[in-house]
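Please work through the following exercises with the sequence and the model side by side, and attempt each task before reading its solution.

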Amino acid sequence: ESPLAKMNPRDEQLLSDYYEKLVKISEDLERTDEPGRNEDNGEAPRLQKPAENTLETVEATDADRGIDPKKVEFLFRRINEMTAAEMRVELKEIRKSPHGSTKDLRHRLRQYYRKEFALIQQKRDETRSKMRNRRRFRYLVAIDIEATCEAETNDINYPHETIELPAVLVDCATFTIIDKFRTYVRPEINPKISDFCSQLCHISQPDLDAAPLFPEAWARLVEWMTRWGMLGADKEATFAVVTDGPNDVQHFLQRSFLQYNMKIPHEFRHFINVKKIFENRVERLIKGDGKTSIAKMCEKLSIEMEGTAHEGIMDAINVAKIACALVLHKNETLFVNQRIVRMRNRPLCLPPPATAVEIKALNEQISHHRGNQKPNSSNAAANRLPFALRPVTREDFNMEAYWDCESCDERE
Ligand code: AMP
Ligand code: MG
């Protein structure tokens, strides 16, 4: 008879003990699956379980234990660029099956080195001080996109275009703002800015008429970042993009990149959403009282808010200040917590207008929705784009798993 059958299901303590045992057994099992990882119990390294399509089993040797952290880091970062032949060599070296498609090989290597990399990181973390996040990135780049819009019409088909592209540079040695970049961007689908948008974003028609199109505006941002050593051939400074919410990257930037058939740079496919950190660690932000989330975060963190809401450069400065205050005054660790990933079933272009049926379904969803997070047309529009929003967990962050890009192979 199984222990579960004997148990009173309402006895939570028993159930949780039992669960704990199960977890421990499965962890032990997992550990014995890995070669050379039995140092703790003093046993001789066990035989590695043969991978499904391996032809021979190989005994793990002492050499497996002392894997060189530098090599692991190097390979972990290089896996995306390796050829099938190179990957086979590495797989043989780590006694994993060298058979299967290029995708299988990459997947196998990535899984192996991800674990190794995590172990190295873990060891390193143990010796690191509380100020760990001060060293993770050299700079933070706060961005805040403003886009064309109409008064809140909830139009899922509205083709938002970037009209302001600001970036604020934070030095992570001191957590102070050290430089700013800003350009307006000329929209092409709706070249005339609506009165509503003009008032909301403090942007005039002449501002836009004099501005470059998105490709040129982006090139200027890249040039600015290159001068700071963050991009380009001589890049030597690590950085993370910081935003207030997911829309800047997942919705507005994605749309602009797709509109001009440009590749979204990998450095911009993951970011630190300060609003998410604030909500998890400080307090929930309740919508609907007319105040922006930036204004509320500034208030709660006792930061003097710069400028007025929805002016891109001012929003970006405030986002940067919020990030700094979270570290300096709240002792928070800033980590990459969201990313965008390519959906293989969606074509790499702006989606066609939603059909009447889709719009009807969405409106029904909105009117039937209960709870705090109402679906709205902006989310729905973003959800039709080829890159979808995904969370990055602390573990993903420590392993740098957010750099993985499953969809790259087919583009390059
Ligand atoms: P934000 O980051 O809050 O400044 O907003 C970015 C963009 O979202 C703006 O440039 C607008 O395109 C759009 N947006 C923000 N708030 C509103 C609003 N109340 N009504 C319509 N669109 C808005
Ligand atoms: Mg803004």
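Donors to a metal are N, O and S atoms within 2.8 Å of the metal, and water is not among the atoms, so sites may look incomplete. The model used here is a predicted one.

**Exercise 1.** Determine which residues coordinate the magnesium ion (ligand 2) and how these donor residues are spaced in sequence.

*Solution.* Begin with the donor atoms: the magnesium ion (ligand 2) is held at 1.9 to 2.1 Å by Asp144 (OD), Glu146 (OE) and Asp315 (OD). Next, reading these donor residues along the sequence gives the spacing D-x1-E-x168-D. Finally, place the residues in their elements: because Asp144 belongs to the loop between strand 1 (139-143) and strand 2, while Asp315 belongs to helix 13 (residues 312-328), the pair ties together parts that are 171 residues apart in sequence.

**Exercise 2.** Decide whether Asp144 is buried or exposed, and do the same for Asp315.

*Solution.* The cut-off for a buried residue is under 20% relative accessible area. Asp144 has a value of 5% and is therefore buried; Asp315, at 6%, is buried as well.

**Exercise 3.** Describe the polar contacts that Ala147, His310 and Asp315 offer to ligand 1, and then the shell around this ligand.

*Solution.* Start with the backbone, where an N or O atom of Ala147 lies 2.7 Å from an oxygen atom of ligand 1. Turning to side chains, an N or O atom of His310 is 2.8 Å from an oxygen atom of the ligand, and a polar atom of Asp315 lies 3.1 Å from an oxygen atom of ligand 1. As for the shell, its residues comprise seven nonpolar, two polar and five charged, and helix 7 contributes the most, with three residues.

Notes:
Residues are numbered from 1 along each chain as its sequence is written. Chains are lettered from A and ligands numbered from 1 in the order in which they are written. This is a predicted model: local features need pLDDT of at least 70, side-chain atom pairs count only at pLDDT 80 or more; totals for chains, interfaces and linings use all residues. Side-chain values use heavy atoms; hydrogens and water are left out. A polar contact is a pair of N or O atoms within 3.5 Å; within protein, one must be able to donate a hydrogen and the other to accept it, and residues adjacent in sequence count only if both atoms are side-chain atoms. Helices (H or I, at least four residues) and strands (E, at least two) are DSSP runs, numbered from the N terminus. Ala, Val, Leu, Ile, Met, Phe, Trp, Tyr, Cys and Pro count as nonpolar, Asp, Glu, Lys and Arg as charged, and the others, Gly among them, as polar. Donors are N, O and S atoms within 2.8 Å of the metal (3.2 Å for Na, K and Ca); water is not among the atoms, so sites may look incomplete. Buried means under 20% relative accessible area, exposed over 50%, partly exposed in between (1.4 Å probe, protein chains only).
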